[in-house]
Amino acid sequence: TPAIKLSHRRHQILYDYGMFRLCAFTQPGTPAPTLQGPWIEDDRMPPWGSDYHFNVNVQMAHWPMLQGNHPEQFEPLIKMLKKWMPEMKNYAEVFCGISDGIMLPHATDDRCVPADTSWKCQFDVGSAGWTALILWELYRYFGDRDILSEIAYPMIRGALRVYEKLIDDTGGTTPHFYAPSPEYHPASGPAWGRNPSFQLAILHSLLRAAIDCVKILKINEPKIKKWLHLQKKIPKASISEKKLQIWERLGLEISHRHHSHLAGIYPFDIFDSDKEDLELLENSLKDWTEKGPGAWTGWGTAWAAIIWARFSNPKAAYFIIDQYQRFFTQKNYYSTHNSPSRGFTVFHDEKPPHVMQMDGMCGATAAIMEMLAHERCGKIRLAPAVPDEWGDLEFNGICLPGGKTASGKRENDKFRGSIV
C-alpha cells in the first residue's frame, strides 16, 4: 500500500482509514464489493438491497485498488463477471439481436438479475462498457495478459458490438444513437437523448482500448476497420456554445450528483486538457461550478474532487475533498451517501439511521492519490493538485499505468519527485 504522510490530520485519517476499510471491503474468495459490502445491519434491509450499481458505484469502489497497489482485490469482480457472461450475452441478443454482444443492467443482484424495474436500469449500454474499461485499467496498471485475454477484451468487444448496433451511420450526417445519461432526467421531456456525452466518452475509450488490445494480443480481428472508422467519425462529446452537453440540445440544467457529461475528463481521459480541448473544458467546468454542489451525494462529491485534480487545480480539489470529509463522514469516519447535516446538499439525513455507502470513501481515497500523482493524456503528472493546506508531505509507491510507481516529498515549499 502506498505510504502517504500529510501535514493535515483530517485528510491523513481519511486516506489511512480509507485504505483500512478497503482491506475489509473485499478480498479474494469473498463476494465482489456491493454498495455496503460486508457492513449490513441486522435490523433492516440495506439501502438499495446492497446491490451492484454499474453506472459508477462498482467502478468507484475499485479505483483505489489501482493506485493503491491491490490488483488482487479485483478477483471477486472478475470471477463474478465470468460467471455472468452467458446472461450478459443473452441480454444483448434479446435487446439488439446479436450473439456476440454483452449488456449489463446498471443495477443487479448477485445473479445479474436487474434490481430495478426502470427501463433505464435495463438499457444503459454504458454499464457494460464502463465495467469492461475498469478491467482494461487493471491491465494497464499491472500488465496481467490473462485478465486481458480472458475477460477484459471479451467484455470490451462485446460492449462495442452493442454500440455498433445502436449507431446510425448512414448518409452524410454525423453518426448518432440514442441512450440515457445516468440518472439524469430533464425538467421536461424524456430521460434519454441523442449522443449523450457520457456514452460518447465510453465509446471512444472502448474503441481506443479495443484497438490497443488487438495489437497487444496479436488478434486477427475482423472488426478493426469498423472501429478505426468509428474512432474518426464519432464525436467525442455533444457540444454547444463551446460547452459539454448532457446530450444534444441539452446542457446541464441543475446541480446533479452524477457528473456523466464530464466523464470524458475522468475516468475516461479522452480530452487534451493541455492544448486543443482546454477552452471547451474551461467553459464546461465553469458551467458545472455555476450549478454548484447542492444536489451532490457522497460519491458524487468524491468524484468531483478527482475531476478537479485531473484539471491540476489544487485549491478546488482540496475544497471538494474537504467538504466530502466534513459532510459525508461521521465522527468515526464511516462514509455516507447523504450528508448527516444540512448546508452542503439537499441530500441530507439529520436523524439516523444514515445510509452508509463505501463508494464515496473509495473515491475520496483515490482522490488523495490522484492529487499526488496520476497519468493524464499519456503523461505522468507528479504533484498535479497538491494544496498548500497539506503542508510538508511525503509519498511513496503510488501506482501508475505501465507498472510504474510515483514517489515524492515536499519540504519547506520545495518538491522533489521520482517515477520508477
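Is E279 buried, partly exposed or exposed? E279 is partly exposed, at 47% relative accessibility. Here buried means under 20% relative accessible area, exposed means over 50%, and partly exposed lies in between (1.4 Å probe, protein chains only).

This is a predicted model, in which local features need pLDDT of at least 70 and side-chain atom pairs count only at pLDDT 80 or more, while totals for chains, interfaces and linings use all residues. Residues are numbered from 1 along each chain as its sequence is written, and side-chain values use heavy atoms, without hydrogens and water.

## Overall fold

The protein chain has 12 helices and 12 strands. The radius of gyration is 20 Å, close to the 22 Å that the globule rule gives for 420 residues, so the chain is as compact as a globular protein of that length. That radius is taken over C-alpha atoms, and the rule is 2.2 Å times the number of residues to the power 0.38. Helices (H or I, at least four residues) and strands (E, at least two) are DSSP runs, numbered from the N terminus.

Along its principal axes the C-alpha trace spans about 60 × 50 × 45 Å. Buried residues make up 59% of the 420 residues. Of the contacts with a separation of 6 or more, 64% join residues 24 or more positions apart. Contact means heavy atoms within 4.5 Å.

The chain exposes about 17300 Å², and carbon and sulfur atoms supply 51% of this area. Areas come from the Shrake-Rupley method with a 1.4 Å probe; for residues, only the protein chains shown count as cover.

## Salt bridges

The structure holds 25 salt bridges. Each is a side-chain nitrogen of Lys or Arg within 4 Å of a carboxyl oxygen of Asp or Glu. The table gives three of them.

| Pair | N to O distance | Separation in sequence |
|---|---|---|
| E276 and K236 | 3.9 Å | 40 residues |
| K242 and E279 | 3.5 Å | 37 residues |
| R310 and E370 | 2.8 Å | 60 residues |

E276 and K236 meet through their side chains. E276 lies in the loop between β7 (243-244) and α9 (278-291), and K236 in the loop between α8 (224-233) and β6 (239-240), so the pair ties together parts that are 40 residues apart in sequence. E276 is exposed, with a relative accessible area of 63%. K236 is partly exposed, at 26%.

K242 forms a salt bridge with E279. K242 sits in the loop between β6 and β7, while E279 belongs to helix α9.

R310 pairs with E370. R310 is in the loop between α10 (298-309) and α11 (314-327), and E370 is in helix α12 (residues 358-372). Both R310 and E370 are buried.

Elsewhere, salt bridges link D100, R157, R161, E164, E221 and K223 in a network.

## Two buried residues

I246 is placed in the loop between β7 and α9. It is buried, with a relative accessible area of 1%. Leaving aside neighbours within four places in sequence, I246 is in contact with S181, Y184, P196, S197, G251, L252 and H261. I246 and S181 are 65 residues apart along the chain, yet their C-alpha atoms are separated by 6.9 Å.

D287 is found in helix α9. This residue is also buried, with a relative accessible area of 10%. Beyond its neighbours within four places in sequence, D287 is in contact with K243 and L252. L252 therefore appears in the contact lists of both D287 and I246, under the limit of heavy atoms within 4.5 Å.
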